[in-house]
Amino acid sequence: MRLTLVGTGYVGLVAAVCFAKLGHDVIAVDREPIIRGLQENKLNIWEPQLEQELADVSAKGNLRFETDVVKASADADALMVAVGTPTRPDGHTDLGHIHEVLAQLMQSTTCPPFVIIKSTVPVGTCDELEASLLAAGLHTEVVFNPEFLRQGSALNDFMEPDRIVFGCKTPQAETLLRELYDGIEAPIHVCERRSAELVKYASNAFLAMKISFANMMSDVCEGYGADIRHVMSGVGADRRIGPEFLSAGVGYGGSCFSKDLQALLTTGKLIGRSLPLLEAVAKVNDQRIPRMIAKLISLWGNPLGKRLCVLGISFKPNTNDVRDAPFLTLLAQCERHGIEVQAYDPVVRQVGAKTVKVLESPYTAAATADAVLIMTEWPQFAELDWPYLLHLMRQPLVLDGRNLLPSGVISQIVDVVKAVYVPVGR
Ligand code: UGA
């Protein structure tokens with residue numbers, strides 16, 4: 001199948017590479033400087049295996065690059081759109097990038113028979129897009145096919161998904177999508193477009209709700225001397241609940257959960273419905289960093305002039321993405337309290353803020369610090385030489401914001417080094 005895919009961000013590039021791997025003839029479209037980089041196999045995102053897979057499918061000729069949407073989609077069986085849909089300051093979703101793509105198609109008299117929207121869009125968007133294409137004389141079915149990729153495991157999630165969702169109107173669209181995903185073993189859910197659009201938002205909202213629930217319970221555990229890990233493993237063992245996304249910590253970050261929760265709240269408002277459960281999910285998350293700072297202040301007394309070593313900048317391990325990372329909220333709040341931040345991350349080398357020093361090694365970041373805070377659960381942080389790291393600090397205090405350190409390391413730093421170890425929810 002000939003597929004043209006517009007947008008080469010995390011979702012678009014991973015999808016382009018994976019559809020090419022499945023044997024389709026894929027043309028990926030983006031702006032000039034990005035395409036130039038991709039043609040030289042240079043990525044501006046860091047995702048495990050992506051660079052190698054991109055090189056393989058490009059060498060086989062299954063993936064090519066273009067900058068002109070109309071030219072790239074002239075002979076395509078379908079055009080897939082995977083451009084960003086950020087939230088505007090008023091809480092509404094900005095569909096500007098999608099409209100730009102459609103405006104380019106409308107300059108032409110022909111258009112592929114199917115336009116597949118992969119970007120996350122508010123309910124009703126596909127209906128509107130199809131109507132505007134029709135008004136421009138283009139008879140195209142707009143289909144919605146959400147993505148459920150997690151950064152850091154995106155290629156694997158694409159090739160081995162829990163489910164694939166098609167939101168379409170005609171059997172022809174369903175046949176096309178089935179052909180596109182041929183080779184991937186997963187249950188396929190076919191429904192009308194509006195339901196598919198909501199599946200995406202509801203899934204992310206539900207996952208965020210699980211995390212906020214675990215975080216809320218972690219506060220109860222701290223108050224009563226219970227252990228959140230044991231509570232959640234007991235809860236998650238119920239198959240109706242499931243064990244994943246129940247890890248308490250510094251709160252969820254990233255470009256998806258907060259954005260999609262906000263978009264869903266706005267969707268509710270547009271029909272006069274408040275969604276109090278989702279408001280509470282966001283509120284619990286917003287309290288996580290202030291709670292971390294409060295713990296530090298209660299241990300330090302006066303925070304002014306204290307130095308905090310932060311391990312982990314990206315919003316989760318195996319990515320260099322810092323969008324909406326809890327680290328950024330922490331940084332702003334440290335600044336307000338006069339706390340200096342020295343940070344280390346295995347892949348993030350700079351943050352667009354002057355008030356933070358990003359250092360080359362966890363040990364230089366810990367030197368002369370008054371506490372170390374684990375913000376991201378990079379597994380290599382558990383392997384550090386903790387006694388040495390603590391020895392470099394002004395005060396041996398560890399806040400484990402992700403409950404990452406194994407019991408062996410904890411007993412070593414508490415019993416041998418006499419450091420103070422503060423986990424979450426226990
Ligand atoms: C999320 C969803 O998991 C994907 O299914 C979805 O496709 C994607 O958003 C999207 O809409 O594009 P992602 O944001 O890449 O994926 O990362 P997650 O693994 O979901 O983690 C999100 C945040 O939740 C991270 O900050 C992570 O540290 C935090 N988290 C996750 C917890 O605090 N506790 C947990 O138990 C799990």
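Helix 9 (residues 193-224) packs against helix 11 (residues 257-270) at an angle of about 115° in this predicted model. Their axes lie 9 Å apart. The crossing of helix 9 past helix 11 is left-handed. Helix 9 brings Tyr201, Asn204, Ala205 and Ala208 to the contact. Helix 11 answers with Phe257, Asp260, Leu261, Ala263 and Leu264. By class, this contact holds seven nonpolar residues, one polar and one charged.

A second helix pair involves helix 1 (residues 10-21) and helix 3 (residues 50-59). Here the angle is about 45°, and the axes are 10 Å apart. Helix 1 and helix 3 are therefore oblique to each other. Helix 1 also passes helix 3 in a left-handed crossing. On the helix 1 side, the contact uses Leu13, Val14, Val17, Ala20 and Lys21. On the helix 3 side, it uses Leu50, Glu53, Leu54 and Val57. Seven of these residues are nonpolar, none is polar and two are charged.

Next come the cores. In soluble globular proteins, nonpolar side chains tend to be buried together. The largest nonpolar core in this model has 55 residues. Which members touch the most others? They are Leu5, Ala15, Ala16, Val81 and Val143. Helix 1 gives the most to this core, with ten residues. Apart from this core lies another, of 40 residues. Its members include Met292, Ile313, Val356 and Ala366.

Ala15 deserves a closer look. Neighbours within four places in sequence are left aside here. Beyond them, Ala15 is in contact with Leu5, Met80, Ala82, Lys118 and Phe158.

Several loop residues are worth finding. The table gives their places and C-beta counts.

| Residue | Loop | Other C-beta atoms within 10 Å |
|---|---|---|
| Gln49 | helix 2 (32-39) to helix 3 | 14 |
| Arg88 | strand 4 (78-81) to helix 5 (96-106) | 12 |
| Thr368 | helix 15 (362-366) to strand 12 | 13 |
| Glu377 | strand 12 (371-374) to helix 16 (386-391) | 19 |

Is Arg88 buried or exposed? Arg88 is exposed, because its count is 12 and a residue with 12 or fewer falls in that class. In sequence, Arg88 and Leu304 are 216 residues apart. In space, their C-alpha atoms are 35 Å apart.

Glu377 is partly exposed, with a count of 19. That follows because a residue needs 20 or more to be buried. Glu377 and Leu405 are 28 residues apart in sequence, yet 9.2 Å apart from C-alpha to C-alpha. Leaving aside neighbours within four places in sequence, Glu377 is in contact with Pro317, Arg402 and Leu404.

Gln49 and Thr368 can be read together. Gln49 counts as partly exposed, with 14 C-beta neighbours inside 10 Å. Thr368 counts as partly exposed with 13. Each has a positive phi in a residue other than glycine: near 70° for Gln49 and near 60° for Thr368.

Helix 17 (residues 407-416) is hardly covered. How many of its ten residues are buried? The count is one. After helix 17 comes Lys418, whose phi is positive, near 60°.

Key: Residues are numbered from 1 along each chain as its sequence is written. This is a predicted model: local features need pLDDT of at least 70, side-chain atom pairs count only at pLDDT 80 or more; totals for chains, interfaces and linings use all residues. A nonpolar core is a set of buried Ala, Val, Leu, Ile, Met, Phe, Trp, Tyr and Cys residues joined through C-beta atoms within 7 Å. Helices (H or I, at least four residues) and strands (E, at least two) are DSSP runs, numbered from the N terminus. Two residues are in contact if their C-beta atoms, placed from the backbone, lie within 7 Å. Axes are lines fitted to C-alpha atoms, for helices over the stretch in contact, and angles run from 0 to 180 degrees between N-to-C directions. Angles under 35 degrees count as roughly parallel, over 145 as roughly antiparallel, 65 to 115 as roughly perpendicular and the rest as oblique. A crossing is left-handed if the near helix is turned anticlockwise from the far one by less than a right angle, and right-handed if clockwise. Ala, Val, Leu, Ile, Met, Phe, Trp, Tyr, Cys and Pro count as nonpolar, Asp, Glu, Lys and Arg as charged, and the others, Gly among them, as polar.
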